[in-house]
Amino acid sequence: MSDIQRAKADFLFGVSMHVPGNDIRRLATCAENVAADFLVVTADEKVALLEPAMVLAYLAPRTTFGLVAEFDVTYAEPFFTSRALATLDHVATGRVAWQLKIDASEESARRRGLPAPLPPGELTDRIVEFTNVIRDLWDSWEDDAIVRDKARGIFIRADRVHHLNHAGRYFAVRGPATLPRPPQGHPPTFVTLTDDAQSRRLAQAVGELLRLRTTSVDEVRAARKEFPEARIVVDIPFISLSDTLTVLDTISDVAHGIIVDIDSEKIGEATILTIGDELANRGLRDLAPRSGTLRQRLGLSPAVNRLAVERVS
């Protein structure tokens, strides 16, 4: 019997791809036709691939599914990242999420003019603070802050826009953000879950959808127990259709979904369409696209505006 009591179509189906510079239009067509819930766009600084966030800006008006951009958060600044993600979420009308990418290598530090990378524990602390500051920046505008009352000459309600006055170990941010709160409140945060302590602390502190690369039912169950508020999806590197379906049949009763990691230059639309058909044949989902924001499609709770709660408390 399934560990997860779900209605048909609750099982999540995501596709993850690198994006070659000459492959954007094919990518958009393929991803739109696979009936996937979301597309994760990744990049590699060592290869001439396009910036994922910019690819999402291109795809947003041309698609209806969820769009997830990989963001290198290793040494990023929260103000600019929060603005980029909020802009994307407005453009995509609430269909954007972000995948945290961490590069703790010496090469990554040198590339940014740093003498050495931060120790793992400090780097995790920095990313947790970074993510929380971003969420507070999104919350610095309440959902009803914009009035646009031309007759009275009122554009915003000043009492609904808040300063953060954040002074932490790694960041000092006064705020507020320079654009309204994203349609989702908080675009969902994807975290890759591994065995190291830093990964698990990051997942516990800020992860909402956790990516786990495994074929073990016990590992998926353990992750669900350790992170009960998160959605656990299993990463499947695509090798062959039969291998993918074998993993699917193994974990479908315990995971919230799968992400199939494909080489966009080698795998055609037909293969992904077949995976979608097999999910439907197994009663895990409908082929009709889901509606609502990406948070809603992922089964996540609404993002509470912490600053609005503080104002009324």
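**View 1. Lining of the largest pocket in the predicted model.** A total of 35 residues line the largest pocket, and those nearest its centre are Leu 100, Lys 101, Ile 102, Asp 103 and Thr 192. The space in this pocket comes to about 720 Å³. By class, the lining consists of 13 charged, eleven polar and eleven nonpolar residues.

**View 2. Elements that contribute to the largest pocket.** At least two lining residues come from each of strand 1 (12-18), strand 4 (96-101) and strand 9 (189-193), and likewise from each of helix 4 (106-111), helix 5 (120-139) and helix 6 (197-206). Helix 5 has the largest share of the lining, with four residues.

**View 3. The second largest pocket.** The volume of the second largest pocket is about 430 Å³. Its lining is made up of 19 residues, with Gly 207, Glu 208, Glu 229, Ala 230 and Leu 300 the closest to its centre. Helix 6 supplies four of the lining residues, the most from any element. Nine residues of this lining are nonpolar, five are polar and five are charged.

**View 4. The barrel.** Eight strands, paired in parallel, form a closed barrel in the order 1-2-3-4-9-10-11-12. From one strand to the next, the twist averages 30 degrees.

**View 5. Strand 3 and strand 4 with helix 3.** Six bridges link strand 3 (residues 66-72) to strand 4, and the two strands run parallel. Glu 70 lies opposite Gln 99 of strand 4. Helix 3 (residues 78-91) is packed on the sheet, where it touches both strand 3 and strand 4. The direction of helix 3 makes about 145 degrees with that of strand 4.

**View 6. Helix 7 on the sheet.** Helix 7 (residues 217-226) packs on the sheet and touches strand 9, strand 10 (209-212) and strand 11 (231-237). Between the directions of helix 7 and strand 11 the angle is about 150 degrees.

**View 7. The hairpin of strand 5 and strand 6.** Strand 5 (residues 146-149) and strand 6 (residues 154-156) run antiparallel and are joined by two bridges. Asp 149 has Ile 154, in strand 6, as its bridge partner. Four residues lie between the strands of this hairpin, in which Gly 153 adopts a positive phi near 70 degrees.

Technical notes
Residues numbered from 1 in each chain as written. Predicted model: local features only at pLDDT ≥ 70, side-chain atom pairs only at ≥ 80, totals over all residues. Heavy atoms only, no water. Pairing = 2+ DSSP bridges. 1 Å grid on protein atoms, 1.4 Å probe; cavity = no way out; pocket = protein on both sides within 12 Å on 5 of 7 lines; lining within 4 Å. Points joined across faces, edges and corners; volume = space filled by probe spheres on them. Nonpolar A, V, L, I, M, F, W, Y, C, P; charged D, E, K, R; others polar. Axes fitted to C-alpha atoms, helices over the stretch in contact; angles between N-to-C directions. Contact = heavy atoms within 4.5 Å.
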